[in-house]
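This report describes the strand arrangement of a protein model, the helices packed against it, and the surroundings of one charged residue. The sequence and structure are shown first.

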Amino acid sequence: MNFEETPKPAIRPYPWQYVAQWKLKDGNDVTIRPIRPDDEPLMVTFHESLSDRSVYLRYFCSFSLSRRVAHERLLKICFGDYDREMALVAERVEPDTGQRKIVAVGRLSKLRTRNEAEVAVLVSDQYQKLGLGYELLRRVIEVARDEKLSQVSAEMLTDNIGMQAIMRRLGFRVRAGEDMTSLIAYLDL
Ligand SMILES: CC(C)(COP(=O)(O)OP(=O)(O)OC[C@H]1O[C@@H](n2cnc3c(N)ncnc32)[C@H](O)[C@@H]1OP(=O)(O)O)[C@@H](O)C(=O)NCCC(=O)NCCS
């Protein structure tokens, strides 16, 4: 087998190029980085920090904590292949205790049939309105551009004013979803 015929590895190496320091609007630092297999306990604490309202806005239903933190579910998320799925997390280190916590997650999920992806973001309630939702989505879109995707889209509830504000600022076009309760935002890359 010559070099050109060698199959690509199923799991890509950790994408260090997406690791960066970033400042919240309140001046505190976070690290934005691709999720890692050892993030499972931090993801459990992240989900524990979410209000019912934030969960509803993200998943469009009341998705129980026990199901959100089920080991099999988090395993899939934390052991992403960095190819079809890319999750960027924002990690904060508590200055007093040195404790690390995940305070937001942005995701890119490639569609199987088209050269497109869906994006989504979820920010811990205590860290909302500090610029993280916008910044994570902006970076997830950069990943989509690097992956040479042609379009990204996101679905949100019609009363999700914050997400709509972010999408419009990022240049997405917004149109009504299939039912009256949701909107779809599109960005051509
Ligand atoms: C929606 C969400 C992602 C926004 O993230 P965030 O970090 O709080 O938002 P940001 O601080 O980045 O705000 C970006 C802009 O949106 C505006 N905005 C954010 N939340 C808003 C709200 N509830 N109402 C009005 N404007 C809002 C901000 O004022 C800001 O505008 P500015 O830069 O001109 O001041 C976050 O609230 C969240 O995780 N919600 C629950 C889950 C969810 O809705 N996910 C999206 C569905 S995929």
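## The sheet

In this predicted model, eight strands form an open sheet in the order β1-β2-β3-β4-β5-β6-β8-β7, and the pairing is mixed. The edge positions are taken by β1 (20-23) and β7 (173-176); each has a single partner strand, so one side of each is left without a neighbour in the sheet. On average, neighbouring strands of this sheet are turned by 25 degrees against each other, direction ignored.

Within the sheet, strands β2 (residues 29-34) and β3 (residues 85-93) run antiparallel and are joined by four bridges. Here P34 stands opposite L88 in β3.

## Helices across the strands

Helix α5 (residues 132-146) lies across β1, β2, β3, β4 (100-110), β5 (116-123), β6 (151-157) and β8 (182-188). Its direction is at about 40 degrees to β4.

Helix α6 (residues 161-169) lies across β5, β6, β7 and β8. With respect to β6, helix α6 runs at about 160 degrees.

## The setting of R68

R68 belongs to helix α3 (residues 65-68). The residue is buried yet has no salt bridge. D52 is the nearest side chain of opposite charge, 6.0 Å away, whereas a salt bridge requires a side-chain nitrogen of Lys or Arg within 4 Å of a carboxyl oxygen of Asp or Glu.

A polar atom of the R68 side chain does lie 2.6 Å from the backbone oxygen of F63. Leaving aside residues up to four places away in sequence, R68 touches H47, L50, V55, Y59, F63, R73 and L74.

Note on methods. Residues are numbered from 1 along each chain as its sequence is written. This is a predicted model: local features need pLDDT of at least 70, side-chain atom pairs count only at pLDDT 80 or more; totals for chains, interfaces and linings use all residues. Side-chain values use heavy atoms; hydrogens and water are left out. Two strands pair if DSSP finds at least two bridges between them. Helices (H or I, at least four residues) and strands (E, at least two) are DSSP runs, numbered from the N terminus. Axes are lines fitted to C-alpha atoms, for helices over the stretch in contact, and angles run from 0 to 180 degrees between N-to-C directions. Contact means heavy atoms within 4.5 Å. Buried means under 20% relative accessible area, exposed over 50%, partly exposed in between (1.4 Å probe, protein chains only). Lys and Arg count as positive and Asp and Glu as negative; His and the chain ends are not counted. A polar contact is a pair of N or O atoms within 3.5 Å; within protein, one must be able to donate a hydrogen and the other to accept it, and residues adjacent in sequence count only if both atoms are side-chain atoms.
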